[in-house]
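Student: Could you walk me through how to read a model like this one, feature by feature?
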Amino acid sequence: MKRAFPILVFLVVAFLGYAMYQALVVAPTDQLQGNVYRIIYYHVPSAWTAFLLFGINFVASVVYLMSRNAKADTIALVGAEVGVVFCTVNLVTGPIWARPVWGIWWTWDVRLTSTLVLWLIYLSYLMLRRFSTSGQTPVLAAALAIFGALDVPLVYFSIWIFRTQHPQPVIGGGGSIDPRMLHVLLINWLAFLCLAALLCWSRYRLEYMRRELEETQALEALLEPRGSL
Amino acid sequence: MSLFAVTRATLAKDLRLEWRSKDAINSMLFFALLMVVVFSFSFDPNAEESRRIAGGLVWVAFLFAAVVALNQTWARELRNQVLDAYRVSPAPANSLFMAKALGNFVFVVVLEALMTPLFIMFYQLRALGPAWQLIPVAALGTWALVVNGTFFAAISIRTRSREIMLPLLLFPFSIPALLAMVNATTAILTGELSARFWIVLLATYDVVFTIACLLLFESVLQAE
């Protein structure tokens, strides 16, 4: 496993480089926005990847509550952590794109607001994991993850109604995308997925070793001959 | 003992404790009073415009004040290992949860009943829409805060710096409920839009999360 890691890193970096070449050179320039639009190849795949990872977090949490399998808990943790990273990429690239195109950094439209709330929910999940004492963390975190998954549709729906009640300029709107652009977008998403898988895998390994170390230390503490007090 | 009997006994105990000490209600009231005063500095409270922001203001004050009571919910049971005794007792976990949630509901409703006249007085509030709708909004909104708050308080009691943890968990998860409460209240106060949709949304939120709390509370209480 140790030997496979550098090879995988090399492959993922090469793939990301190829995807970047596709995004910056091969993909056609947008008629209206010019080259600025190319940030879409980072903005959109990061959002899709984050949503996928949050979904994995939910499924793993349910599995953990049913089976109390420590692996499921680690997968849930890793899914949330890497998901928050990709969600952050999405939230950072959003305003960078919005400023030249819309003229504003941020608008409280339904997708932006619900992505922000989603990010906040998973951040609070990670906070709980950070603050919780070790033994009970998995159960508490799994319960919270289920609450988060229940909250997401309510968040989206409520903000959607909130924003449609208040008229505001239509942004983005429904439009078709050039098939070549879609092609590059999918290549980039695939590259992002590979990167996410690599990050999750190495984070999973790290967490696994951390737990093993903790167990070993606990055992050693038990086996240690009691000195005279 | 049946589910109902345990709920009633625990609720009666909590209400009696609160009636004698008045810890939670006093600190909540003082906190909310401070917020009324501080908010009044940030805008002109007598302007017609204040009607539009009053809904948000009232609910933010109640939310922050409610956290004071919610934090005390389980902390009280840690003394003398009462919570551990609950764990080993054959009493159903959900009746304990319902008793705590109902107790918090009573505290926050009392707070709202005492604070609403003050808000009306200080901010010259007058509902231009159907004022009776404020009652279901208040009831459903309070339950939305309290049911999740009681559950999250049971989680945060297990963490380091538990008093800080509760709002960090409760606020992001309560955003849809807060949005519904604030908009329903604003709709009623300004009389411009119908609050019906928001009341339905609040009811949905309440049903979904009450069921989720009841399904998951036992695992959280017994988490080792």
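The dialogue below goes from the fold of one chain to a helix pair, the chain contact and two backbone angles.

Tutor: Gladly! Keep in mind that this is a predicted model.

Student: Where do I start, and how many helices and strands are there in chain B?

Tutor: Start with the secondary structure: chain B has 9 helices and 0 strands. Read from the N terminus, the order is α-α-α-α-α-α-α-α-α.

Student: How do I judge the compactness of chain B, and what is the radius of gyration?

Tutor: Set the radius of gyration against a rule for globules. For chain B it is 18 Å, close to the 17 Å that the globule rule gives for 224 residues, so chain B is as compact as a globular protein of that length. Along the principal axes, its C-alpha atoms fill a box of roughly 55 × 35 × 30 Å. As for burial, 47% of the 224 residues count as buried. Sequence separation adds to the picture: among the contacts in chain B with a separation of 6 or more, 84% join residues 24 or more positions apart.

Student: Now a helix pair. At what angle do the axes of H1(B) and H5(B) cross?

Tutor: For a pair, look at axis distance, angle and hand. The axes of H1(B), residues 3–21, and H5(B), residues 93–123, come within 8 Å and cross at roughly 40°. The crossing is right-handed. Residues making this contact include Leu3(B), Val6(B) and Leu11(B) of H1(B), and Leu96(B), Met98(B) and Phe107(B) of H5(B). By class, the contact residues of the two helices are 10 nonpolar, 5 polar and 2 charged.

Student: And between chains, how many residues does each chain bring to the contact?

Tutor: Chain A gives 27 residues and chain B gives 27 residues. On the chain B side, H7 (162–173), H8 (175–190) and H9 (196–221) each supply at least two residues. H9(B) gives the most, with 9 residues. That side of chain B splits into 20 nonpolar, 4 polar and 3 charged residues.

Student: Last, the backbone angles. Which residue of chain A has a positive phi although it is not a glycine?

Tutor: That is Arg68(A), with phi of about 55°. Arg68(A) sits in the loop between H2 (40–67) and H3 (70–102) of chain A. With 13 other C-beta atoms within 10 Å, Arg68(A) is partly exposed.

Student: Is Gln81(B) buried or exposed?

Tutor: Gln81(B) counts as exposed, with 10 C-beta neighbours inside 10 Å. Its phi is also positive, near 55°. Gln81(B) lies in the loop between H3 (50–78) and H4 (82–88) of chain B.

Key
Residues are numbered from 1 along each chain as its sequence is written. Chains are lettered from A and ligands numbered from 1 in the order in which they are written. This is a predicted model: local features need pLDDT of at least 70, side-chain atom pairs count only at pLDDT 80 or more; totals for chains, interfaces and linings use all residues. Two residues are in contact if their C-beta atoms, placed from the backbone, lie within 7 Å. Helices (H or I, at least four residues) and strands (E, at least two) are DSSP runs, numbered from the N terminus. Ala, Val, Leu, Ile, Met, Phe, Trp, Tyr, Cys and Pro count as nonpolar, Asp, Glu, Lys and Arg as charged, and the others, Gly among them, as polar. Axes are lines fitted to C-alpha atoms, for helices over the stretch in contact, and angles run from 0 to 180 degrees between N-to-C directions. A crossing is left-handed if the near helix is turned anticlockwise from the far one by less than a right angle, and right-handed if clockwise. The radius of gyration is taken over C-alpha atoms; the globule rule is 2.2 Å times the number of residues to the power 0.38. A residue is buried if 20 or more other C-beta atoms lie within 10 Å of its own, exposed if 12 or fewer, and partly exposed in between; C-beta atoms are placed from the backbone.
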